[in-house]
Amino acid sequence: MKELSLNILDIAQNSIHAEASLVKIILTETDETLKLEIMDDGKGMSEDFLARVTDPFSTTRTTRKVGMGLPLLQLAAEQTGGSMTITSRERALHPEDHGTEVTALFYKNHLDFTPLGDVISTVVSLVQGSPDVDFLYVHELPDRTVELDTRDIREVLGDIPLSAPDVLVWIRETLIEQYGTGE
Amino acid sequence: MKSLEELKAIRDRMQNKVVLREGAAEKRIVVGMATCGIAAGARPVLNTFVEEIANRGLTGSVEVSQTGCIGMCRFEPIVEVFEGDQRVTYVHVNPAKAKEIVEKHIVGGEPIVDYTIGAAEK
């Protein structure tokens, strides 16, 4: 992947396939590191599945919904000297408290660090594709925090779908404004 | 956060419109957004379609949606346009081609044969 934000888009799709109602995407950045956490309240994975999930070759047949996404994220993290971990609680065993959490740590000054890229387009694409799922996006930068919670937006909108073009434009502009980049 | 007042204005404006029933659109544009599609550049393609459809005021009649891997990864980004019984499969789509597809196929009614899978396989 050319941008980390593309990995984020890809991994967050796994949460959607796992029937999550809320997906949290948390980025925590220092001068040296970038931590990515993607947490969902979806159906989770069995321990057996979890053990095989980062192996693209032994899993392709039984795990189509996961496939190459996690191995690519793992590679992107490890090639900077960082790492990726996954924890999961299966719905069948944990009916009250289930879901999956993917955490990846990147060293930003490493030559092989993939830049975050257009993370705003990732958030907009996720909302466009899954307007019934809620997303909490938080990006903690050294000097400020960017945050978007679709639950707040949904409360204002009522029956209007979050995928309505005007709403997507609003979401994009909100994030641009918070980043202060002017894109 | 950007003003919630603006969001309320969007809501009020939209409540006056007839809400489109799901599946009621005349045309559907489906963009492949699995790992293969994303890696090949599907995200800017998706966003180009969303913006073009909104800017041309086609929101009521054209639906843009996302799908997973359809097993032809080497042709990604793949975009399918559905209209009635007709399905046109575009391959190796980029934002410039996406704009052209909206203009000539969605608005003009003429599929762009050169960009279809049939042409790519020749």
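Leu162(A) is buried in this predicted model, because 20 other C-beta atoms lie within 10 Å and 20 or more is what it takes to count as buried. Leu162(A) sits in the loop that links α6 and α7 of chain A. Leaving aside residues up to four places away in sequence, its contacts include Thr150(A), Ile153(A) and Leu157(A), along with Val127(A), Pro131(A), Arg154(A) and Val167(A). For Val127(A), the separation from Leu162(A) is 35 residues in sequence, while the C-alpha to C-alpha distance is 6.8 Å.

Let's turn to α6(A) itself. Its buried residues are Thr150(A), Ile153(A) and Leu157(A). Viewed down the helix axis, they fall within an arc of 55°, so they line one face of α6(A). Residues three or four places apart point the same way because an α-helix has 3.6 residues a turn. On the other side of α6(A), you will find Arg151(A) and Glu155(A) exposed. After the helix comes Gly158(A), with a positive phi near 65°.

What do the buried residues of α6(A) pack against? Within chain A, their partners are α5, β5, β6 and α7, and chain B adds its α1 (4-15).

That brings us to the two chains. Here, 28 residues of chain A are in contact with 20 residues of chain B. On the chain A side, α1, α4, α5, α6 and α7 each supply at least two residues, and α7(A) gives the largest share, eight residues. The side of chain A that touches chain B breaks down by class as follows:

| Class | Residues of chain A |
|---|---|
| Nonpolar | 15 residues |
| Polar | nine residues |
| Charged | four residues |

Terms used
Residues numbered from 1 in each chain as written. Chains lettered and ligands numbered in written order. Predicted model: local features only at pLDDT ≥ 70, side-chain atom pairs only at ≥ 80, totals over all residues. Contact = placed C-beta atoms within 7 Å. Helix = DSSP H or I, 4+ residues; strand = E, 2+ residues; numbered from the N terminus. Nonpolar A, V, L, I, M, F, W, Y, C, P; charged D, E, K, R; others polar. Buried ≥ 20, exposed ≤ 12 C-beta atoms within 10 Å, placed from the backbone. Arc of directions from axis to C-beta.
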